[in-house]
Amino acid sequence: MYRIHSISDPVLAARLVSLGIYPGCTLTIIQESFLGGACYLAIENGHYALREEELAHLVLEPCESQGEGHA
Amino acid sequence: MHKIGLIGNPNSGKSSVFNELTGLRHKVGNYPGVTVEISTGTFMVEGRKVAQLIDFPGAYSLHSNTSDEFLLTRALLDDRRPEHPQTLLYVADALLLEKQLLLLTQIIDLGFPVVVCLTNCDQLDPGEVEDRVELVREKLGVRVVPVSTKTGWNVGQLKLELQQIALGDHPLPRQAHSLSLPDPGIEAECQKAGFANAYLYFLWKHYGPRLDPGRIQEAYLHRESIRLQIEETMQRHAWIESWTEPLRQLKNRSHLLTARIDQWLSRPWIGVPLFVVAMFLVFQAIFSWATLPMDLIEGGFAGLQSLLGEWLPAGWATELLVKGVVPGLSGVMVFIPQIALLFFLIGWMEELGYMARVVYLFDHLLRKFGLNGRSLVGLISGGACAIPAILSTRSINNKRDRLVTMFVIPLIPCSARIPVYAALIGFVVPYREMGGIFNSQGMAFMALYTLGIAVALLTAAVIRFFVKSDDLSYLVLQLPDYRWPSLKNVLLVAFDKVRSFVAEAGVIILLISIVLWFLASFSWKGELQAAEQEVRERAKVEGQSEAWTDHHVESAKLERSFAGKIGRTIEPVFEPLGFDWKISIALITSFAAREVFIGTMSTIYSLGSSENEMLLRQKMEQELRPDGSPRYDRRTSASLILFYAFAMQCMSTFAVMWKETRTRRWPVIQFIYMGLLAYLASWLAFHLL
């Protein structure tokens, strides 16, 4: 499980913030990119698909799982 | 009439609320510059039209990031547009309330009178519903009506509220929850510029240049706009978070179930095969389950045709009705079963939340061809028929992806090509067994299918560079929790598509059908009678039977009709492909639909219009060129097959493209492109084989 530290691309950040994804949110990778395809993520209480290169703009820091979300 | 805008996040249950309020009284609005569907409906109370309901595309924020979301921003900011609403009905899912408040705070700040409708309330205890209603009412100062569109609970109350607002009985207070905007000077500037409130002006400074540059003096530069947008949104999130903490604790059953299902479904090696199975079912449905009702419709119209032919007095009006209008109507109605079935299935998968997973799974693959995960449904159903397939692209919310998908769908081999291929393939590939279960002609069929699909994908990969897109290419896709679809909603979607197809494309199909009938049945004065006279005299001299005479009269008349004359005129154009004037005539008449080729060739070869393929094939085999070699040799037949594979020999495709793109430009470009492609392929086949 990770916590979003920051988002390096401002335009992408604007889009993500609209969806309720911003620094401080917890993030779990449910399915990593397979052959360059999209990733399946659980962010806070929602599920999202992001492309590999979009995920690369999220600066993540590991965090302890608090028993919520999807471990 | 009072205009009420229906607004909410995607997956908020907005369309269910819209259907509850308007029933079947809605249509797709035709607003200038709007390419995506905006439905408008009439809200009636006791037989009286009370208000117009405008269903805007789902959006997360007024800071639009897609061309679809921009429609909403534009409608709300620019009060001179016809779709600018007076009151807003904000729909939010009670289960996801804390995540769906951002847009609500924005529209309140714009100064709109707002009523909030909380959906999915049957999933919560009455106490929980009451808590949520109170919380929103207290924090945002708006009226809140909880409903369940599934059980119909409290929908009456919602209607009552809307009625009172529309009739002006209960004017809503215009609230502003007074967020301090990240631009400190905005208040003063706003007053000077004469805008109603600061947030309105703030958004104009973001989007004014795209709306009406004359109305604002100074707009934000791109970088600044992005920074302010993020700052504003973060402030709103912080404020919302500060009082929605209690809502976050709730464990949501459908969310947990979704997580469990997607644990598996998100894996490509499970998700992809499962999708293949699902698509196989969809394909089966439109390819074979629709056959029975389609046969019934065609049979019914054929019956009607012969009945009318017998009952009505002979004359051109009867001819028009029997040979022009009735086949045209039949040609429209015959698509209904496929369209209804396809949209029922797509609507069901969309409501279930499955289509978002399809986009996730296939995004990478299809992006290479300039397509989108949702394009897959259109491409696959194009294998049965291009008409429902093109209509299905309405679910693609990116303008460019949708256009590219629609453009290439007609290249996918559809079922109407099968009769043409079947009649001709024997001339190209002699039947030969291949390893027991396969045969040479089956392999040739498969090669044709593969070729069609390959050309469709290649075309997509190329034309995407020519279609302009104002959308940034991001995936960033929210995957909603699965929910069991409401049958009523899905049926309404299917009904709606059928109705709009009949009303829009149907009219064009009918008109083209009448024009084609006219071309094939008329000529300059006296010519057709003369042709008939000649045949009858010859029959008398040779002592031919009545059937022989009738068939030859028909053939002679077609040859001298306007269609026949055009066929002769354009013969030189098709000469390099190995086609004679007979084929040229069939090319004209079969613009109605590819399978008409068989009927026209039968008529030309004086076989009657019985469409007996065996007899036709024999006749074609005996047909010789002037130099004595067979006309339908390998080269010509291959050339003809390829022509039908690529040319847009389908008036319905033309009509649907016209209606769906709302321009004549795209169907014309497509017609020319497919025509050139067909010509090139046929020429190559004729000269290289």
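Chain B contains 29 helices and ten strands in this predicted model. Along its principal axes, the C-alpha trace of chain B spans about 100 × 60 × 50 Å. Of the 689 residues in this chain, 45% count as buried. The contacts within chain B may also be considered by their distance along the sequence. Among those with a separation of 6 or more, 69% are accounted for by residues 24 or more positions apart.

The next topic is the interior. The largest nonpolar core comprises 200 residues, and the members that touch the most others are A49(A), L6(B), Y90(B), I107(B), V116(B), I339(B) and I641(B). The element that gives the most to this core is helix α20 of chain B, residues 487–521, with 13 residues.

A49(A) may serve as an example from this core. When residues up to four places away in sequence are not counted, A49(A) touches A38(A), C39(A) and Y40(A), and in chain B it touches Y360(B), L475(B), L477(B) and L479(B).

A residue of another kind of setting is E187(B), which lies in helix α6 of chain B, residues 186–193. E187(B) has 15 C-beta neighbours inside 10 Å and therefore counts as partly exposed; a buried residue would need 20 or more, and an exposed one would have 12 or fewer. The position of E187(B) can also be compared with that of A530(B). These two residues are 343 residues apart in sequence, and their C-alpha atoms are 86 Å apart in space.

Conventions: Residues are numbered from 1 along each chain as its sequence is written. Chains are lettered from A and ligands numbered from 1 in the order in which they are written. This is a predicted model: local features need pLDDT of at least 70, side-chain atom pairs count only at pLDDT 80 or more; totals for chains, interfaces and linings use all residues. A nonpolar core is a set of buried Ala, Val, Leu, Ile, Met, Phe, Trp, Tyr and Cys residues joined through C-beta atoms within 7 Å. Helices (H or I, at least four residues) and strands (E, at least two) are DSSP runs, numbered from the N terminus. Two residues are in contact if their C-beta atoms, placed from the backbone, lie within 7 Å.
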